[in-house]
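Work through the exercises below with the structure open. Each task is followed by a solution in steps.

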Amino acid sequence: MFTADSNRQTVAEFVTIEQLVPPDHLLRRIDTAVDFSFINEICRPYYSADNGRPAIEPEIVFRALLIGYLFGIRSERRLVSEIAVNVAYRWFLRLSLTDPVFDASVIWQNRRRRFAGTDVAQRIFDGIVIQAIDAGLVSGEVLFTDSTHLKANANGRRHTEDHVSASVADYLADLDADIDADRAAHGKKPFDRDETKPSPERRIKRSVTDPDAGFMHRDGKPKGFFFLDHTTVDTRVGIITDVFVTPGNVTDAEPYLDRLTTQIDKFGFEVAAVGIDAGYNTFPVCKGLDALGIEAAVGRRRAGHPKGVWGKHRFDYDRDADVYRCPQGAVLAYATTDRNGYRSYRAARSRCQGCPKIALCLTPAQRERTIRRHVWEDAKDRCLDFTRSDIGSRIYARRRETVERSFADAKELHGLRYCRMRGIERVSEQCLLTAAAQNIKKLAFALT
């Protein structure tokens, strides 16, 4: 006989919240593997010790935020409502079955008032990395770096046209010194440089909705206002060791060396090699890595040359004689070094005009072949030689399994496909706490 029990949910039961959380639940593993008590010490200076109403413990606030990032809950209002009905979330936040849940405004008012302009999110992320280092999950010997674009929380049609001063790269002083030394070695005078000359200006699109976002226009990428999340991952188990956010119109290579040295100084890494894609394959990056004594497995950049004409790779460079030789044996001798650091090597016009392969070497407008070589090109050649080696090729292949996989997980599982907030400070918080959540999961599975 079929009967319906309408009183099933009105029965009083004596249970503890500890009984209701499965022993293999992710939050149980995290609570066992990770010590969150350091968060209170980081935040203590931003609270009054003897004045005002009792505050929600900062460790609890950030535990709640990490629940949102762990389970891809993008709305903080929804996060609070989920905490109210999810027994595992309550257990992780040290709430009983009947304790009231704090209002969502606690989170955003702390962000807007108490923690605005501070490095709390960065220090929490660093604290998780230090725990991973102490657990032996980070080696610091091989690091992989890449960037991914995040769609800004901005209207792409509302923007202004601004003129800004072009940024002056930190390496320019070193480059100028090497250019002058190279010209002196070839018997040429150094360049006269006007130190008072104003920086050149460039025109950019600036979003009205989020002025910190940058207008990105790259081949193979969406066009619009974006931020870039520059992430570094360690090779051992894929722990993220650094997160740095820039506007979308900043190149990948621009912040790279500074962030690498920041990690070395902060965590004491002894980096032996790095894996980076073609966006980082620039002369300043290769020169900087060479100066640090770090090998680099880098992606190749295609050299631009007219279709049907021999590229630079067909010409052999003789370092001892400081000349290039073409496939027909002609010598291209040094001519000059320009202000941008490029040496010019030219073949004799008479030799080129009588060459049987002239159609494969020169365009109709050219009379002799010229090859350019940067004063820092030796450093780039060493990077390419390492990339072609067995260990270099393995490191470069490993890059896709580490940093690119971390981006895929962040976007598919942790809600990092677009920016939830506006301003580079709040976008940085989102990226740092997302990476912290990813690291926490790795710690939990590795240590439990």
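A salt bridge here is a side-chain nitrogen of Lys or Arg within 4 Å of a carboxyl oxygen of Asp or Glu. The model is a predicted one.

**Exercise 1. Which residues are linked with K312 in a network of salt bridges?**

Step 1. Take the basic members: K312, R319 and R373 belong to the network.
Step 2. Add the acidic members: E377, D378 and D381 are linked into it as well.
Step 3. Set this against the total. The count of salt bridges comes to 27.

**Exercise 2. Find the salt-bridge partner of R28, and state which parts the pair ties together.**

Step 1. The partner is E18, with the closest N and O atoms 2.8 Å apart.
Step 2. Place both residues. R28 lies in helix α2 (residues 26-33) and E18 in helix α1, so the pair ties together parts that are ten residues apart in sequence.
Step 3. Check the cover. R28 has a relative accessible area of 15%. Buried means under 20%, so R28 is buried.
Step 4. E18 is at 43% relative accessibility and counts as partly exposed.

**Exercise 3. Where does D31 make a salt bridge, and is its partner buried or exposed?**

Step 1. The side chain of D31 meets that of R63, at 3.1 Å from N to O.
Step 2. D31 lies in helix α2 and R63 in helix α4 (residues 58-70), so this pair bridges parts 32 residues apart in sequence.
Step 3. R63 is buried, with a relative accessible area of 3%.

**Exercise 4. Locate the two ends of the salt bridge between R349 and E368.**

Step 1. The N to O distance is 3.0 Å.
Step 2. R349 is in helix α12 (residues 349-353). E368 is in the loop between α13 (358-361) and β13 (370-374).
Step 3. The pair thus links distant parts of the chain, 19 residues apart.
Step 4. R349 counts as partly exposed, at 48% relative accessibility.

**Exercise 5. Which strands pair with β1, and in what sense?**

Step 1. Start with β1 itself. The strand covers residues 142-151, and nine of its ten residues are buried.
Step 2. Strand β7 (residues 273-276) pairs with β1 in the parallel sense, over four bridges. There, V274 is the bridge partner of L143.
Step 3. Strand β5 (residues 224-234) pairs with β1 in the antiparallel sense, over nine bridges. In β5, V233 stands opposite F144.

**Exercise 6. Which residues form a nonpolar surface patch with V15?**

Step 1. The other members are L20 and L97.
Step 2. Together the three residues have about 220 Å² of accessible area.
Step 3. V15 lies in the segment before α1 (17-20). V15 is partly exposed, with a relative accessible area of 37%.

**Exercise 7. Describe the chain as a whole: its elements, its spread and its cover.**

Step 1. Count the elements: 16 helices and 13 strands.
Step 2. Compare the radius of gyration with the globule rule. The chain has 28 Å, well over the 22 Å that the rule gives for 448 residues, so the chain is more spread out than a compact globule.
Step 3. Read the spans. Along its principal axes the C-alpha trace extends about 105 × 50 × 50 Å.
Step 4. Assess the cover. Buried residues make up 45% of the 448 residues. The chain exposes about 24,400 Å², and carbon and sulfur atoms supply 48% of that area.
Step 5. Turn to contacts. Among those between residues at least 6 apart in sequence, 69% join residues at least 24 apart.

Note on methods: Residues are numbered from 1 along each chain as its sequence is written. This is a predicted model: local features need pLDDT of at least 70, side-chain atom pairs count only at pLDDT 80 or more; totals for chains, interfaces and linings use all residues. Side-chain values use heavy atoms; hydrogens and water are left out. Buried means under 20% relative accessible area, exposed over 50%, partly exposed in between (1.4 Å probe, protein chains only). Helices (H or I, at least four residues) and strands (E, at least two) are DSSP runs, numbered from the N terminus. Two strands pair if DSSP finds at least two bridges between them. Patches are made of residues with over 30% relative accessible area and no salt bridge: like charges are joined within 9 Å, nonpolar side chains (Val, Leu, Ile, Met, Phe, Trp, Tyr) within 5 Å. Accessible areas come from the Shrake-Rupley method with a 1.4 Å probe; for residues, only the protein chains shown count as cover. The radius of gyration is taken over C-alpha atoms; the globule rule is 2.2 Å times the number of residues to the power 0.38. Contact means heavy atoms within 4.5 Å.
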